[in-house]
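Student: Hey, got a minute to walk me through this one? I'd like to go piece by piece.

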Amino acid sequence: MSQPSLNDGSHTDAALRTIDVRAGYGSTEILHGISLAVGAGEIVAIVGPNGAGKSTLLKVMGATLAPSAGNVELLSRPLAEYDRRELARTLAIVAQENSVAFQFTVLEVVLMGRAPHLGPWRFETARDLEIARAALAQFDLMSLATRPIHELSGGERKRVFLARALAQEPGVALFDEPTAFLDMKHVTDIFRRFRELCSKRGLAVIATLHDLNAAAMYADRVLLMKDGSAVAIGPPDQVLTAEALRDVYETEVYIGRNPVNGAITVLPASRR
Amino acid sequence: MTSIEKTAVLEADATHRIGAELANFESAHLTRRKAALTLALLGAALVVVGIAATSFGSVHISLIRALSDSSSSDSAILYGVRIPRVLMAIVIGAVLASVGAALQALVRNPLAEGGILGISGGGALGAILALILASRVGAQDVIVPVAGFAAALLSTFAVYRMALVAGRIEPFTLLLVGVIFNAFWGAAIMIINSVVNFYYAHSILFWLMGSLEAPSYREVAIIAATGVVGFVILMSRARDMNLLSLGDEAAAELGVEVDFVRRTIFVATSIMIGAAVSVSGIISFVGLIVPHMLRLAFGSDYRLLLPASIIGGAAFMVAADLAARVIIAPAEVPVGAITALCGGPFFIYLLRRQETRTFS
């Protein structure tokens, strides 16, 4: 099998593109030049061990952290040219951890996703409510709409924040571990929703994932990272190889195929 | 049942369900109707306590006689004492409560208010220093409030600078710095109290415990004017305050210019509270209790919480001042003592509740 290319030039009209991005905190550089182009309607998973720089890369893509070198382009425009509200109408981000300081209902939190579309004084219109309702329905949250967000479980809360991101009506969505805390049914459901949104609205989804099996099953392409650099980018079956994963995770793995859907499966192969 | 009937039943069922769903939605977020109703309700409460506070006091007066006979002593008391005092309670209460609500959004913590952030303490210290140092200059009724206002702003600026971490306000640091400043100003006032002559002790107590005694219409007008300006600025950031409760990063990702909004809130609130403390001294806990009770009753949306705090704070203050005047009439309890007596236990309750939530 040929080594997948590190230089990803397949999308000239990428929804989001990073060009040789370097970034870090203070004087410590975490990302050492990452180039990635994600097309409209694509799901890209970012995988790698703890501390590989996955979340940092996501922060740079979301304009939360400015790169020290290189560029990020959103819909072929430099990220730095967007003002905050404009950016929030184009790009939605869901962080790994989400907290809410005061008591808000689930519906109120999802409606906050409409904020970049509304002025400071305006009340939500019927259309905003309809969008929020659709987002809640997408993530199986209709029955929880009136509940205070504090009373929800971690998994339910996660879905509320995904629904909030959807209510922003973005073209690109960045999710940091979207399936952490979720049970198997909701993981499957959520990726099915992502896929629907990708094909219907051309949404580009970029998600960091710890779960290599989810990445293999649901992502169009996988970016494998180690120590702030890209090891490989490409379709899951080309990137998630036994050799590559052994090098990156420093552990023996077994690669198989899911007999039902043909997706790659990854299992640790160390002795018990 | 025929299949057509079945479809009709299913459709009716679906319509009914969507209807119920919509009604649910109505209750789960802020609508114009809900905001208007809530404010009307609070307005009615304010009118009731306002009338009660103008009727009762250390001296009994008849409102009917006061209004019909302008030469009566009832009329003199009503227009010269009661009405300015109630108006003062209204503007001070409105300012303290709305500032409390805004500062809570700023630090993402329901325990914040002007006193806890050290702003009022600085103002009181400035006023006390002016009172003593300018005692021979005269025109104290101008110099003392101006000094109080200036000191409150200086104190705010100092707290702000100390709370900057790498050029940004760090909410938790701000809260801690505020608490420390508050204690520091309190200690400074105590030291002054122990070295100056006994004559000043009553005035110092006035600044420490707060009072709405004998205000002039001019003072009321000044506080009201700064209050209105500050309130308009805060209202323009109401939605941003909602988003700030998601945390700085999430708020920024939803289009909020976080640093700018923080500075705006900080400047507006410090001017409002500086003006208030310069005439009424430290009246604590109003900014804590009122927004919290309103949140429990009507939700956390700042588009309603801010105006509701204005009216609710006014009503609370008028009621507290009425209590301060009548409990041991004809003598008076400092109104700050009343609010602190209500507020202390309430503060502990809030703190305990927050901790149970954090650790559960």
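**Walking through the model**

Student: Let's start with α7 of chain B. Which of its residues are buried?

Tutor: This is a predicted model, so keep that in mind throughout. In α7(B), the buried residues are B:Pro171, B:Leu174, B:Leu175, B:Val177, B:Gly178, B:Phe181, B:Asn182, B:Trp185 and B:Ile189.

Student: And how many residues does that helix have?

Tutor: Helix α7 of chain B covers residues 171–195, which is 25 residues. From first C-alpha to last it reaches 37 Å, close to the 36 Å expected at 1.5 Å a residue.

Student: What about confidence? What is the mean pLDDT of chain B?

Tutor: Chain B has a mean pLDDT of 83, with 89% of its residues at 70 or more. Among its elements, helix α1(B), residues 3–28, has the lowest mean at 66, and helix α10(B), residues 238–244, has the highest at 94. For the complex, the predictor gives an ipTM of 0.87 and a pTM of 0.86.

Student: OK, so how many residues of each chain touch the other?

Tutor: On the chain A side, 26 residues are in contact with 29 residues of chain B. Helices α2 (84–90) and α3 (106–111) of chain A each supply at least two residues of the chain A side. By class, that side has 16 nonpolar, 7 polar and 3 charged residues.

Student: Switching to chain A itself. What's the strand order in the open sheet of 4 strands?

Tutor: The order is β2-β1-β4-β5 in chain A, and the pairing is antiparallel. β2 (28–38) and β5 (77–78) of chain A stand at the edges with a single partner strand each, so one side of each has no neighbour in the sheet.

Student: How many bridges hold β1 and β2 together?

Tutor: In chain A, β1 (residues 16–25) and β2 pair over 8 bridges, in the antiparallel sense. If you want a spot to look at, A:Arg22 stands opposite A:His32 in β2(A).

Student: Which helix lies across that sheet's β1, β2 and β4?

Tutor: That's α1 of chain A, residues 54–61, and it runs at about 120 degrees to β1(A).

Student: Any odd backbone angles? What is phi at A:Asp20?

Tutor: Phi of A:Asp20 is near 45 degrees, a positive value in a residue other than glycine. A:Asp20 lies in β1 of chain A, and it's partly exposed, with 13 other C-beta atoms within 10 Å. A:Ala63 also has a positive phi, near 65 degrees.

Student: Where is A:Ala63 found, and is it buried or exposed?

Tutor: A:Ala63 is in the loop between α1 and β4 of chain A. It counts as buried, with 20 C-beta neighbours inside 10 Å.

Student: Last one: β3 of chain A. Why is it described as largely enclosed?

Tutor: Because 5 of the 5 residues of β3(A), residues 43–47, are buried. On one side you have A:Ile43, A:Ala45 and A:Val47, on the other A:Val44 and A:Ile46, so both faces are covered. That fits a general pattern: side chains in a regular strand alternate between the two faces of the sheet.

Student: And which strands pair with β3?

Tutor: β3(A) runs parallel to β8(A), residues 204–208, with 4 bridges joining them. There, A:Ala45 has A:Ala207 as its bridge partner. β3(A) also pairs in the parallel sense with β9(A), residues 221–226, over 4 bridges, and A:Val47 is partnered with A:Leu224 in β9(A).

Note on methods: Residues are numbered from 1 along each chain as its sequence is written. Chains are lettered from A and ligands numbered from 1 in the order in which they are written. This is a predicted model: local features need pLDDT of at least 70, side-chain atom pairs count only at pLDDT 80 or more; totals for chains, interfaces and linings use all residues. Two strands pair if DSSP finds at least two bridges between them. Two residues are in contact if their C-beta atoms, placed from the backbone, lie within 7 Å. Axes are lines fitted to C-alpha atoms, for helices over the stretch in contact, and angles run from 0 to 180 degrees between N-to-C directions. A residue is buried if 20 or more other C-beta atoms lie within 10 Å of its own, exposed if 12 or fewer, and partly exposed in between; C-beta atoms are placed from the backbone. pLDDT is the predictor's confidence in each residue, from 0 to 100. The expected span of a helix is 1.5 Å times one less than its number of residues. Ala, Val, Leu, Ile, Met, Phe, Trp, Tyr, Cys and Pro count as nonpolar, Asp, Glu, Lys and Arg as charged, and the others, Gly among them, as polar.
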